[in-house]
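Student: I would like to learn how to read a model of this kind, feature by feature. Could we go through it together, with the general idea before each case?

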Amino acid sequence: MIRAARFHGSELDARELRHGASDPPPTAAMLSEWAQNAGLWSRAVRLRWRQLVRMRDSGPVVLLLRDGNAALMVAADPQSNLVQLWDPRGPATQKPVAVDELLLTHAWTGEAILLRADRRQSPEDTPFSLAWLAGIVLGERKALRDIAIASLTISVLTVFPPLIVMSVVNRVLEFRSVSTLVLLSALIVVVTLYETMLTYARRLIVAVVGARLDAQLSLRIFSRLLRLPIDYFERHPAGETMYRTMQVNRVREFLTGKLLTTLLDLITLAVLLPLLFYLNAFLAWIVVACAVAILLIIVAFLRPLRALYLNVTTAETLKSAALGETIFGIRTVKALALEPQRRAVWDERVAQAGRWRLSFQRLSNWPQTLVLPFERMMGLGVILLGAYVAMNDPTGYMVGALFAFMMLSQRVAAPLVGLARLIEDVEEVGAAIGEIGSVVNRPLENHASTSGMRPAIAGAIRFEDVTFTYPGSAMPALEQVSFEIPAGTTLGIVGKSGSGKSTITRLLQGINRDYQGQLKIDGSDLREINLRYLRQSFGVVLQDNFLFRGSIRDNIIAGRPGLTLADAVMAARLAGAEEFIERLPNGFETYIEEGSPNLSGGQKQRLAIARALIQDPRLLILDEATSALDPESEAIVTANLQRIAHGRTMVIVSHRLSTLTTCDNILVLERGRVADIGPHQVLLERCLIYRQLWAQQNRHMNRNVAHAAVAPAPFPR
Ligand SMILES: Nc1ncnc2c1ncn2[C@@H]1O[C@H](COP(=O)(O)OP(=O)(O)OP(=O)(O)O)[C@@H](O)[C@H]1O
Ligand SMILES: [Mg+2]
């Protein structure tokens with residue numbers, strides 16, 4: 001598999017498959033997903049020999065064998081009915097062997113994995129726009145064709161009843177022919193039956209296409225959202241992002257609702273309009289003129305409406321942002337009794353949104369009102385005019401034709417008006433697409449996460465003159481930071497609040513990548529390492545850790561395939577979490593709700609440490625990870641840290657210097673600059689800032705001693 005990927009210029013990492021030697025052989029689906037994660041195009045397929053020998057230009061194909069191994073098909077020759085196989089376990093210089101059908105079917109399970117370099121842009125990489133949507137819709141070509149055929153047939157069928165009515169009026173009434181009436185009635189019954197069935201089928205197909213489009217849109221939007229850099233999420237309220245991405249519902253509704261029905265109606269129009277002209281050109285022109293008038297009215301109002309609509313969406317976005325903020329911060333709101341303030345903010349936003357919406361609707365009321373007389377004209381006016389024409393028609397043909405015309409003009413008027421209205425909706429949906437685009441059309445992280453090197457990471461870190469300024473801030477958060485730590489050692493980072501400690505860990509994780517200077521891990525530039533791989537090699541524990549809904553076990557395993565309860569228990573023990581987990585009623589199966597209200601801060605932190613440890617990362621970053629622990633649990637974790645540290649590089653940010661005394665090196669930061677670096681004892685001697693921090697934190701010790709000396713005995717005897 002790795003060799004097949006290499007053929008396409010991509011490296012696969014066996015560790016990412018998460019597959020132990022003792023596990024059953026990986027399935028084709030697992031293997032293909034593995035390749036997809038590395039940015040290749042891959043499908044797991046079941047093939048027959050006939051299909052296999054015809055695959056000539058496909059590059060190597062991985063064939064899964066019955067004994068759990070795999071072979072690589074490097075060439076196929078349909079003439080001689082042979083394929084060239086290559087044993088992946090053999091040396092790279094071996095020659096492929098020719099195998100015929102009988103031999104292969106003996107050993108081969110029939111499963112194969114196709115691989116291709118993903119050269120063409122995947123749909124997920126193209127920006128979200130109308131063209132992109134059109135691409136998705138056209139992907140449903142077959143269903144759309146069926147819908148079109150059904151609609152065309154329905155349109156043709158709708159022509160019959162008016163024509164029949166025309167005959168009834170003209171012939172049956174005139175000649176009193178009952179047999180003709182019976183015949184025509186029978187015809188109408190048949191036609192109606194047909195129409196009913198077709199309409200049912202069309203609705204069904206539309207529903208299926210709608211559901212499919214909906215799923216595709218949601219999946220793609222979400223996967224783009226996941227690939228946005230963290231910067232974006234830090235800069236935009238979650239409520240706003242949610243509101244904007246939810247606009248996709250509106251787009252989908254439009255695509256499968258209005259747009260589709262109007263387009264289908266156009267088919268009806270194409271069939272019926274000529275017929276109208278055939279029946280009576282004068283009346284037909286009136287209908288068309290009315291439609292054009294309606295169109296003009298709507299177009300005239302388009303521009304001012306668009307401007308107002310923009311205000312409506314802005315106000316709605318702000319409203320959602322306020323809602324999201326309040327819900328996410330509800331604990332603080334309650335704790336500080338901030339309800340009145342939040343309500344005031346909300347009131348204001350609701351009022352604003354309401355105002356804009358009202359003025360939008362006021363304005364849009366105008367075209368709707370102005371259009372009405374023309375709509376009536378299309379229906380009733382035509383009848384009146386038609387009656388006048390019929391009176392003056394000596395042949396009497398016009399009476400029947402008028403009836404037919406009445407019935408048909410209703411069917412024509414609706415699509416014409418719908419078409420004009422469509423423009424309005426296109427505007428709204430255009431705005432919705434813009435909203436979604438403003439979220440998902442930002443530069444993605446993806447390039448770095450699918451390309452880049454995957455060097456074996458030992459954990460040596462080197463900062464060379466790293467300067468970094470957060471976008472939008474004037475002061476650099478890190479300035480000319482240089483230090484180096486060898487693999488397998490621990491680094492403590494101390495410094496006042498805001499001195500840049502967390503920023504160093506963020507740079508290491510590749511969250512912020514536009515720094516100046518060099519940041520090297522084991523000698524390779526951090527920016528050249530595959531981002532996903534980099535983060536998977538790291539374990540990160542923060543001060544505030546998010547636990548997902550699910551059992552404790554699931555949270556520790558964090559959905560990584562191939563890990564078991566035994567791994568979770570091991571990691572929990574290392575993190576000092578086993579003790580409290582076992583006291584919980586359901587142990588490792590205890591269910592954690594969203595936001596984990598049933599766990600204390602310290603318990604959460606220990607779970608987070610276990611979660612970071614479970615995949616045995618080469619590099620562990622703890623950013624104030626023990627800040628919520630009581631002294632006793634902290635002592636447990638600190639004692640464990642030494643064991644945890646064994647064989648890996650650790651970066652520990654902590655305000656409590658006592659946790660850091662055992663670190664190999666301590667980095668002292670002062671306003672984004674390196675003040676000093678060295679072990680505890682050395683720093684105590686030579687670094688003033690460190691000495692001050694240490695003295696501050698240990699003052700209580702000295703004082704306690706002093707207190708003890710003078711404190712009266714609690715029970716004087
Ligand atoms: N996402 C961000 N966007 C803009 N500026 C930021 C961001 N995060 C941090 N900063 C700024 O960068 C500087 C360093 O922040 P950093 O979080 O690294 O400090 P810290 O040493 O971890 O502080 P603390 O001990 O309080 O956690 C601060 O002045 C802060 O205002
Ligand atoms: Mg911090």
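The dialogue below takes up confidence, overall make-up, a helix pair, a single residue and the ligand shell.

Student: Where in the chain is confidence lowest, and where is it highest?

Tutor: This is a predicted model, and each residue carries a pLDDT, the predictor's own confidence on a scale from 0 to 100. The mean for the chain is 81, with 89% of the residues reaching 70 or more. Confidence is lowest in helix α14 (residues 446-450), at a mean of 58, and highest in strand β7 (residues 461-468), where the mean is 93. Over residues 705-711 the pLDDT stays under 50, and the model gives that stretch zero contacts beyond four places in sequence.

Student: How many helices and strands does the chain have, and what share of its residues count as buried?

Tutor: The secondary structure comes to 23 helices and 18 strands, and 32% of the 717 residues count as buried. Among contacts with a separation of 6 or more, 75% join residues that are 24 or more positions apart.

Student: At what angle do helix α6 and helix α9 cross?

Tutor: Two packed helices are described by the distance between their axes and by the angle between those axes. Here the axes of helix α6 (residues 141-175) and helix α9 (residues 238-279) come within 9 Å and cross at roughly 35°, and the crossing is right-handed. On the α6 side the contact includes Ala-148, Leu-152 and Val-159, while the α9 residues that α6 meets include Leu-264, Ile-267 and Leu-275. By class, the residues of this contact divide into nine nonpolar, four polar and no charged.

Student: Why does Gln-352 count as partly exposed?

Tutor: The idea is to count C-beta neighbours inside 10 Å, where 20 or more would make a residue buried and 12 or fewer would make it exposed. Gln-352 has 17 such neighbours, and therefore counts as partly exposed. Gln-352 lies in helix α12 (residues 339-391), and its C-alpha is 8.7 Å from that of Lys-319, although the two residues are 33 apart in sequence.

Student: Which residues are around ligand 1, and which helix gives the largest share of that shell?

Tutor: A shell can be read by its members, by the elements that supply them and by their classes. The residues around ligand 1 are Glu-234, Tyr-470, Ser-473, Ala-477, Gly-495, Ser-497, Gly-498, Ser-499, Gly-500, Lys-501, Ser-502 and Thr-503. Helix α15 (residues 501-508) supplies the largest share, three residues, and by class the shell has two nonpolar, eight polar and two charged residues.

Terms used:
Residues are numbered from 1 along each chain as its sequence is written. Chains are lettered from A and ligands numbered from 1 in the order in which they are written. This is a predicted model: local features need pLDDT of at least 70, side-chain atom pairs count only at pLDDT 80 or more; totals for chains, interfaces and linings use all residues. A residue is near a molecule or strand if its C-beta atom, placed from the backbone, lies within 6 Å of it. Helices (H or I, at least four residues) and strands (E, at least two) are DSSP runs, numbered from the N terminus. Ala, Val, Leu, Ile, Met, Phe, Trp, Tyr, Cys and Pro count as nonpolar, Asp, Glu, Lys and Arg as charged, and the others, Gly among them, as polar. Two residues are in contact if their C-beta atoms, placed from the backbone, lie within 7 Å. Axes are lines fitted to C-alpha atoms, for helices over the stretch in contact, and angles run from 0 to 180 degrees between N-to-C directions. A crossing is left-handed if the near helix is turned anticlockwise from the far one by less than a right angle, and right-handed if clockwise.
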